[in-house]
Amino acid sequence: MLNAFWIVLLGMIVIFAVLGILFLAMSLVTRIVRPGAKKGEGQ
Amino acid sequence: MDVTAGEFLGFLSLTWQAVVMLLIAGVLMWLGIARKVEPVLLVPIGLGALLANIPLGGISEKGGLLAILRDAGIHTELFPLLIFIGIGAMIDFEPFLQRPYTIFLGAAAQFGIFGTFFVAYLLGDGWLHILDFSLKDAASIGIIGSADGPTSIYVSTILQSKYVAAIVVAAYSYMALVPIIQPPIIKALCSQEERALRMPIVPGATPQRVKILFPIITILVVGLIAPKATPLIGALMFGNLLRECGVVKSLSETAQNELANIVTILLGVTVGGMMSGTEFLRPETILVFVLGVVAFSLDTVAGVLLGKMMSLLSGRKINPMIGACGISAFPMSARVVQKLGLEANPRNHLLMHAAGANTAGQIASVVAGGAMLMLVPLFT
């Protein structure tokens with residue numbers, strides 16, 4: 001039973017960790033690309 | 001001649017299990033054709049089950065058509081991965097990219113996978129020993145909560161669960177039951193005031209460059225941290241890249257149409273072919289279907305609870321109902337939340353916000369599958 005508990009706990013941690021990093025990566029990319037896109041529109 | 005009629009006349013070799021399965025096959029086809037419940041899946045699955053349970057037909061036995069397809073497409077995990085290319089090409093991730101915080105709702109809504117795994121293991125080898133559920137079987141049953149057919153097939157096949165056919169049928173069937181399973185749970189957890197909460201419109205479109213970089217970055221992030229998810233996320237994002245890069249329109253259209261349809265035909269009939277009476281009609285199979293409902297319910301509860309927390313922290317800018325869309329059942333779940341939103345407040349259009357969470361759930365379910373594949377062998 002303890003094995004199953006660890007799988008549940010670690011599983012949810014892995015999911016949140018991976019998706020948290022993806023969130024940060026995409027937020028950074030959007031921030032870098034969006035000012036570039038706005039500059040292009042302005043010109 | 002030492003041969004009896006029962007050895008070459010099919011109806012004389014009918015067992016009660018075969019009769020029951022033929023009836024179940026009929027029900028699946030009726031649901032698909034007459035009631036239009038996921039017909040693209042239930043019609044081939046139903047017909048495959050019909051073929052597999054004709055005595056002496058041999059279609060699911062070694063050398064038979066469905067056995068060949070099973071060996072070529074299911075045991076190699078080829079079919080679910082090819083389907084994912086098509087699904088990736090069909091999905092527009094813009095609602096999610098405009099609301100990246102919904103990724104956490106997707107994450108929370110995968111709790112149903114692990115909660116159900118825990119319950120299944122408790123009923124089986126973990127404690128009560130009422131049912132024949134090993135750790136790998138319990139993990140495979142839990143993955144029904146991903147609400148994602150290809151992920152369910154992929155994980156349960158790699159883990160070599162005894163219940164692959166039941167798990168796959170449950171995963172595909174319950175996606176169609178989302179409009180029945182989710183609303184009572186959402187209404188129980190969210191007050192009228194919460195359901196009526198309007199969400200602000202997100203202005204502006206996502207730059208195309210972001211949409212192109214997204215699948216590549218997702219493969220890198222998911223693959224480098226949870227490498228067992230690489231085939232699934234890779235196939236999904238490959239399809240999405242074909243869609244978004246804009247330079248391979250013919251490939252994108254082929255992935256969305258011909259590829260998806262061909263593999264759906266082969267996958268459906270093969271899964272149906274795995275539903276033989278002796279394997280399928282066991283008490284464990286009924287419990288797999290019951291646990292499937294538990295999985296979807298826990299997904300909804302967890303997603304909505306995180307939605308409520310995010311609503312509070314954002315100063316009521318987020319409608320907690322969209323948490324229920326963190327489940328990967330796209331677009332059924334988004335439509336359920338849109339409908340409940342309109343019922344509570346006729347000016348409340350939540351569809352795009354819900355779609356953001358729904359597509360985030362697709363990524364989250366793949367990560368959850370990878371996490372399961374990573375962790376279960378460690379503890380077996």
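These exercises work through the interface, pockets and a few local features of a predicted model.

Residues are numbered from 1 along each chain as its sequence is written, and chains are lettered from A in the order in which they are written. In this predicted model, local features need pLDDT of at least 70, side-chain atom pairs count only at pLDDT 80 or more, totals for chains, interfaces and linings use all residues, and side-chain values use heavy atoms, without hydrogens and water.

**Exercise 1. Describe the interface of chain A and chain B.**

Step 1: Count the residues. Chain A brings 26 residues to the contact and chain B brings 41 residues. Contact means heavy atoms within 4.5 Å.

Step 2: Take the area. The two chains bury about 2900 Å² between them, with 90% of it on carbon and sulfur atoms. Buried area is the accessible area (1.4 Å probe) that two parts lose on being put together, summed over both.

Step 3: Find the main contributors in chain A. A:M1, A:I7 and A:L19 lose the most area to chain B, together 22% of what that side buries.

Step 4: Sort the side of chain A that touches chain B. It has 21 nonpolar residues, four polar and one charged. Here Ala, Val, Leu, Ile, Met, Phe, Trp, Tyr, Cys and Pro count as nonpolar, Asp, Glu, Lys and Arg as charged, and the others, Gly among them, as polar.

Step 5: Look for salt bridges. The rule finds zero across this interface. A salt bridge needs a side-chain nitrogen of Lys or Arg within 4 Å of a carboxyl oxygen of Asp or Glu.

**Exercise 2. Locate a salt bridge that links distant parts of chain B.**

Step 1: Start with the total. Over all chains, the count comes to 10 salt bridges.

Step 2: Pick the pair. B:D132 bridges to B:R282, and their closest N and O atoms are 3.8 Å apart.

Step 3: Place both ends. B:D132 sits in the loop between α7 (111-123) and α8 (135-142) of chain B, while B:R282 sits in the loop between α16 and α17 (283-313), 150 residues apart. Helices (H or I, at least four residues) are DSSP runs, numbered from the N terminus.

**Exercise 3. Characterise the largest pocket.**

Step 1: Give the volume. About 630 Å³ of space lies in the largest pocket. A pocket is an open set of points on a 1 Å grid where a 1.4 Å probe fits, with protein on both sides within 12 Å along at least five of seven lines; lining residues have an atom within 4 Å of a point. The volume is the space filled by probe spheres set on the points.

Step 2: Name the residues at the centre. Of 22 lining residues, the closest to the centre are B:E38, B:L41, B:I87, B:M90 and B:F330.

Step 3: Find the main helix. α15(B) gives the most to this lining, with four residues.

Step 4: Sort the lining. It divides into 14 nonpolar, six polar and two charged residues.

**Exercise 4. Check the backbone at B:E38 and B:F330.**

Step 1: Take B:E38. Its phi is positive, about 45°, although B:E38 is not a glycine. B:E38 lies in the loop between α1 (16-33) and α2 of chain B.

Step 2: Take B:F330. A cis peptide bond joins B:F330 to B:P331, with omega about 0°. B:P331 belongs to the loop between α17 and α18 (332-344) of chain B.

Note on methods
Helix = DSSP H or I, 4+ residues; strand = E, 2+ residues; numbered from the N terminus.
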